[in-house]
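Biologist: I have not looked at this one before, so could you walk me through it while I ask things as they come up?

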Amino acid sequence: MTDSSGLVPVDVGDRQAIEHILGRPLSQTWPTGALAPGSRVVVVRAQDWDGPWQVEFAGTIDAMGAPEPNEHAQALDGELLYWVTFDTPQYDSGGNGPYRKAQIWGRYLRAEPESEA
């Protein structure tokens, strides 16, 4: 694992707010093999239910906190949770929002191919 937190500017206010809510600091140790901070992604909709977001949209892996293991009972084996900053504010499938950033399950992220200059 490596500390890659310096690759992308971080909104310190966001980090402090989330750490206050969680009651613990966010890890800055990036797991080997995880999408790197600054990676472009598409947040996709689930194929088996109407969510978790209303539409598919683009965003960027945020360096606010390193990806963490998803400990939800329905998580896939080895699935990570990523902080993603959205290109435009989004509403979740329940109509809540708009959100500009969220923690997204790895299965709902598709890496965007690198654009050629």
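**A pocket, salt bridges and two strand residues**

Modeller: Keeping in mind that this is a predicted model, we can begin with the largest pocket, which holds about 250 Å³ of space.

Biologist: Which residues are closest to the centre of that pocket?

Modeller: The largest pocket is lined by 13 residues, and those closest to its centre are Pro-52, Trp-53, Gln-103, Trp-105 and Tyr-108.

Biologist: And how does the lining divide into nonpolar, polar and charged?

Modeller: The lining of the largest pocket has eight nonpolar residues, two polar ones and three charged ones.

Biologist: OK, changing topic, how many salt bridges are there?

Modeller: The count comes to eight salt bridges, taking a cut-off of 4 Å between the side-chain nitrogen and the carboxyl oxygen. One of them joins the side chains of Asp-14 and Arg-100, with N to O at 2.6 Å.

Biologist: Where do Asp-14 and Arg-100 lie?

Modeller: Asp-14 belongs to helix α1, residues 12–22, while Arg-100 belongs to strand β5, residues 99–105, so this salt bridge ties together parts that are 86 residues apart in sequence.

Biologist: Is each of them buried or partly exposed?

Modeller: Asp-14 is buried, with a relative accessible area of 14%, whereas Arg-100 is partly exposed, with a relative accessible area of 46%.

Biologist: What about Glu-112, what does its side chain meet in a salt bridge?

Modeller: The side chain of Glu-112 meets that of Arg-40 in a salt bridge, at 3.6 Å from N to O. This pair also links distant parts of the chain, since Glu-112 is in the segment after β6 (109–111) and Arg-40 is in strand β1 (residues 40–43), 72 residues apart. Glu-112 counts as partly exposed at 29% relative accessibility, and Arg-40 is partly exposed as well, with a relative accessible area of 31%.

Biologist: Which residue does Arg-107 form a salt bridge with?

Modeller: Arg-107 pairs with Glu-79, and their closest N and O atoms are 2.9 Å apart. Arg-107 sits in the loop between β5 and β6, and Glu-79 in the loop between β3 (68–69) and β4 (80–90), so the salt bridge ties together parts that are 28 residues apart in sequence.

Biologist: Why does Glu-79 count as buried?

Modeller: The relative accessibility of Glu-79 is 7%, and Glu-79 counts as buried because the cut-off for that is under 20%. Its partner Arg-107 is partly exposed, with a relative accessible area of 31%.

Biologist: Which residues do salt bridges that share partners join into one network?

Modeller: That network is made up of Asp-14, Asp-62, Arg-100 and Lys-101.

Biologist: Let's move to Phe-86, where does it lie, and is it buried or exposed?

Modeller: Phe-86 lies in strand β4, and Phe-86 is buried, with a relative accessible area of 6%. Leaving out residues up to four places away in sequence, Phe-86 touches a set of residues that includes Trp-53, Phe-57, Tyr-99, Arg-100 and Lys-101. Phe-86 and Val-41 are 45 residues apart along the chain, and their C-alpha atoms are separated by 9.4 Å.

Biologist: And Gln-90, which strand is it found in?

Modeller: Gln-90 is also found in strand β4, and at 8% relative accessibility Gln-90 counts as buried.

Biologist: What does the side chain of Gln-90 make a polar contact with?

Modeller: The side chain of Gln-90 makes a polar contact with the side chain of Thr-88, at 2.9 Å. Beyond its neighbours within four places in sequence, Gln-90 is in contact with several residues, among them Trp-53, Val-55, Asn-96 and Pro-98.

Technical notes. Residues are numbered from 1 along each chain as its sequence is written. This is a predicted model: local features need pLDDT of at least 70, side-chain atom pairs count only at pLDDT 80 or more; totals for chains, interfaces and linings use all residues. Side-chain values use heavy atoms; hydrogens and water are left out. Helices (H or I, at least four residues) and strands (E, at least two) are DSSP runs, numbered from the N terminus. Buried means under 20% relative accessible area, exposed over 50%, partly exposed in between (1.4 Å probe, protein chains only). Contact means heavy atoms within 4.5 Å. On a 1 Å grid over the protein atoms alone, a cavity is a set of points where a 1.4 Å probe fits but cannot get out, and a pocket is an open set with protein on both sides within 12 Å along at least five of seven lines; lining residues have an atom within 4 Å of a point. Grid points are joined across faces, edges and corners, and a volume is the space filled by probe spheres set on the points. Ala, Val, Leu, Ile, Met, Phe, Trp, Tyr, Cys and Pro count as nonpolar, Asp, Glu, Lys and Arg as charged, and the others, Gly among them, as polar. A polar contact is a pair of N or O atoms within 3.5 Å; within protein, one must be able to donate a hydrogen and the other to accept it, and residues adjacent in sequence count only if both atoms are side-chain atoms.
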